[in-house]
Amino acid sequence: MSVRMHSFRRFQLKPAPRPGKALTSPSSILLYCRRGFEKECAAEILVQTQAAGISGHVRAKENSAYVVFVAHEPEILANRAARLRFDALIFARQRIFASGPLADLPVDDRITPLLDTAAGLQRRYSTLWLETADTNEAKELAAFTRKFERPFAAAAAGLLGGGPQAPRLHVFFLTSTAAYLGYTLPDDSAPWPCGIPRLKLPRSAPSRSTLKLEEAFLVFVDRPETMLRPGMSAVDLGAAPGGWTWQLVRRHIRTTAVDNGNLDPALLDSGLVTHLRTDGFRFRPSRPVDWLVCDMVEQPSRIARLVADWAADGAFRYAVFNLKLPMNRRYEEVERCRGLIEERLAAQGVSHRLRFRQLYHDREEVTGFLELVS
């Protein structure tokens, strides 16, 4: 799908509703994404909204790290929002039902128009997040948002305290005098401010890639007590130097690490790792394992076929794998890989759940999760 990139326009703003008046429908969907992936994020929200019968257009600016879908009929967006599942999106870190942008906020009173808009969207909120885009330029607003948060939270106290299942209130600052304001639903959104899990690199981890698998577990594993139990078995294809194996070992999962390269000796000392120096595309376990993880540098379609082959043979229960994307047509490439896996498993009659997400710790890649359902 072709998505035209252009600059955001300034809008003529309508007066914000006062508290107590009838709620208004959000006019837009605000999506945070990785810088440089705005076109992919825009393409998939257009596909999703069109499938739900929601007409609108996308505003996206290259390297801005966010995208806005503007609904032509906000009431239809509100009525059909439940059809837009956040976990079906690949390139969006967070999705917010929003109003705005509110431009030219008075320097001496930004709070009143923001508060009026918040009161017009929802009656109560669970919490308040002040956010900016994940760019170096936007991060310069951090000092302002830290200073602004306390007085705004105090003024918004009457709207907060709605309980853990109440919507979250988001204020997304473009500048210190312009912002989108909206909400997310806790059970259909990312649970972290800006959609970014703040993970620390463990000192004993062999590589930074370990954070990709840790984040993948946070995003995809909804039953960790059963899906990541001590004593389970795993295969790590392309394991060296052992960043992903390290995440499995710390959960006491017995792991076969497959790679011709060297593995961190500390992992071998754990007694939980067997290192096989062989080709990850040729290896097959002698019996099914609980987990397959794969971070090999290879064409995405080849990785997709490999995972589909393992799944068709019933060789694992769960899989996490990375697809290294080309420079162009990246969204289309992910969908092509999805099709390869879906077609193979449908032919074999294998019930499954398949999801993709570009994680914060991914780069020019996306992470896939495949669960075989008995």
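Two strands are said to pair if DSSP finds at least two bridges between them, and this idea is used throughout the exercises below, which concern a predicted model.

**Exercise 1.** Find which residue of strand 14 stands opposite Arg-357, and work out which strands pair with strand 14.

*Solution.* Begin with the single residue: Arg-357 stands opposite Thr-367 in strand 14. Next, look at a second position, where Arg-355 has Phe-369 as its bridge partner in strand 14. Strand 13, which covers residues 352-357, pairs with strand 14 in the antiparallel sense, over 6 bridges. Then turn to strand 12, residues 318-324, which also pairs with strand 14 in the antiparallel sense, here over 7 bridges; in this pairing Lys-324 has Glu-365 as its bridge partner.

**Exercise 2.** Place these strands in their sheet, and explain why strand 10 and strand 13 each have one side without a neighbour.

*Solution.* The sheet is open and is formed by 7 strands, whose order is 10-9-8-11-12-14-13, with mixed pairing. Strand 10 (273-276) and strand 13 stand at the edges and have a single partner strand each, so one side of each is left without a neighbour in the sheet. On average, and with direction ignored, neighbouring strands are turned by 15 degrees against each other. Finally, add the helix that packs on this sheet: helix 11, residues 330-348, touches strand 12, strand 13 and strand 14, and its direction makes about 170 degrees with that of strand 13.

**Exercise 3.** Decide whether the two faces of strand 14 are covered or open.

*Solution.* In a regular strand the side chains alternate between the two faces of the sheet. Sort the residues accordingly: Glu-365, Thr-367, Phe-369 and Glu-371 lie on one side, while Val-366, Gly-368, Leu-370 and Leu-372 lie on the other, and all of them are buried, with both faces covered. The count for strand 14 (residues 365-372) is 8 buried residues of 8.

**Exercise 4.** Identify which residues have the most contacts inside the largest nonpolar core, and follow Phe-321 to its contacts.

*Solution.* The largest nonpolar core has 83 residues, and those with the most contacts inside it are Leu-114, Leu-237, Phe-316, Phe-321 and Leu-370. Its largest share, 8 residues, comes from helix 10, residues 300-312. Leaving aside neighbours within four places in sequence, Phe-321 is in contact with residues including Ile-303, Val-307, Leu-354, Phe-356, Phe-369 and Leu-370. A second, separate core has 19 residues, among them Phe-217, Met-232, Trp-291 and Val-293.

Terms used:
Residues numbered from 1 in each chain as written. Predicted model: local features only at pLDDT ≥ 70, side-chain atom pairs only at ≥ 80, totals over all residues. Heavy atoms only, no water. Core = buried A, V, L, I, M, F, W, Y, C linked by side-chain atoms within 4.5 Å. Buried < 20%, exposed > 50% of the residue type's maximum accessible area, 1.4 Å probe, protein only. Helix = DSSP H or I, 4+ residues; strand = E, 2+ residues; numbered from the N terminus. Contact = heavy atoms within 4.5 Å. Axes fitted to C-alpha atoms, helices over the stretch in contact; angles between N-to-C directions.
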